[in-house]
Amino acid sequence: MGESIEFSDLSLYIPIDLYNPQYGTPVPAVAPYTHGDSVTQFTGVYLQDQIKIFRRLGVTLGGRFDHASNFDSSDPSHISNAFTPRVGVTYEILPGASLYASFSKSFLPQSGRQFDGSENGSFVPPERGQQWEGGVKTALLGGRLSTTLAIYNLSRTNVTTSDAVHPNFYSVTGQQRSRGVELELTLQLLPGWNVTAAYSLIDAKVTDDTDIPVGTPTQNAPRHSVNIWSTYEVRRTWLRGLGVGFGGRAYTNQSGDLFDTFKIPGYGLLDASPKC
């Protein structure tokens with residue numbers, strides 16, 4: 001069914017000059033949704049020391065102090081300071097096998113803005129994190145076979161993502177938590193030929209938020225993933241140093257947005273890389 005012309009209000013239509021027609025629809029001047037020049041500056045000082053207490057026991061102590069600031073012509077400086085410690089312990093239970101545990105905190109300055117009702121919004125706060133990890137590492141067969149089994153718990157606050165309602169702004173979620181198990185194995189089959197295989201099980205979800213329901217899976221976090229990679233490097237002749245790598249990755253389905261309204265189906269990727 002066609003549409004009729006509204007003759008009572010001809011201003012609704014673009015006038016056409018019969019003797020000098022201009023085809024196309026005039027485009028109004030483009031006005032920026034937001035504007036401004038933002039500057040982000042941050043400085044960090046890091047100190048770390050590795051201590052061998054006993055023959056089998058080693059301790060790593062570290063700390064970092066960060067000073068970050070965001071400012072522009074329309075907003076006063078937003079300053080954040082943080083101290084993030086790191087502690088690690090390693091104990092050799094058998095020749096070639098060690099237990100390890102670590103605790104660390106993280107601080108990540110961010111330059112985006114969140115909508116607060118004003119034209120330019122306000123700077124998003126820095127992202128902060130905390131991680132516990134423990135596991136066992138082995139080096140067997142004269143170092144030709146190495147394995148790592150890790151169990152971890154990672155939490156993050158002030159995680160940003162694009163604001164679907166307000167373009168050019170970010171949404172800040174409350175807190176996300178990831179915990180899981182990782183297993184990695186590296187084997188030297190022949191001199192110059194190495195194979196690495198890894199498996200990861202991740203339970204990642206929202207643990208605190210004012211908008212997203214608690215327990216919602218976090219975006220882009222597959223529960224299972226597998227990675228296999230093989231590299232070969234020529235050790236002799238004039239081709240020494242030339243190498244190639246190939247492998248693949250596979251992921252199970254994962255959440256496609258913040259509210260987990262749709263899933264990205266599982267998929268796999270094949271990779272190849274030359275080395276010169």
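1. In strand β11, Q175 is the bridge partner of T157. Strands here are DSSP runs of E, at least two residues long, numbered from the N terminus. The model is predicted: local features need pLDDT of at least 70, side-chain atom pairs count only at pLDDT 80 or more, and totals for chains, interfaces and linings use all residues. Residues are numbered from 1 along each chain as its sequence is written, and side-chain values use heavy atoms, with hydrogens and water left out.

2. β11 (residues 175-190) pairs with β8 (residues 145-157). The sense is antiparallel, over 13 bridges. Two strands pair if DSSP finds at least two bridges between them.

3. β11 also pairs with β12 (residues 193-208), again antiparallel, over 15 bridges. R179 stands opposite D203 in β12. The two strands form a hairpin with two residues between them. G192, in the turn, has a positive phi of about 95°.

4. Now the pockets. A pocket is an open set of points on a 1 Å grid over the protein atoms alone, where a 1.4 Å probe fits, with protein on both sides within 12 Å along at least five of seven lines; lining residues have an atom within 4 Å of a point. The largest has a volume (the space filled by probe spheres set on the points) of about 320 Å³. Its lining counts 15 residues, and S171, D211, I212, L258 and F259 are the closest to its centre.

5. The second largest pocket holds about 260 Å³. It is lined by 20 residues; R156, V159, Q176, T218 and Q219 lie nearest its centre. β8, β9 (160-162), β11 and β12 each give two or more residues to this lining.

Key. Helix = DSSP H or I, 4+ residues; strand = E, 2+ residues; numbered from the N terminus.
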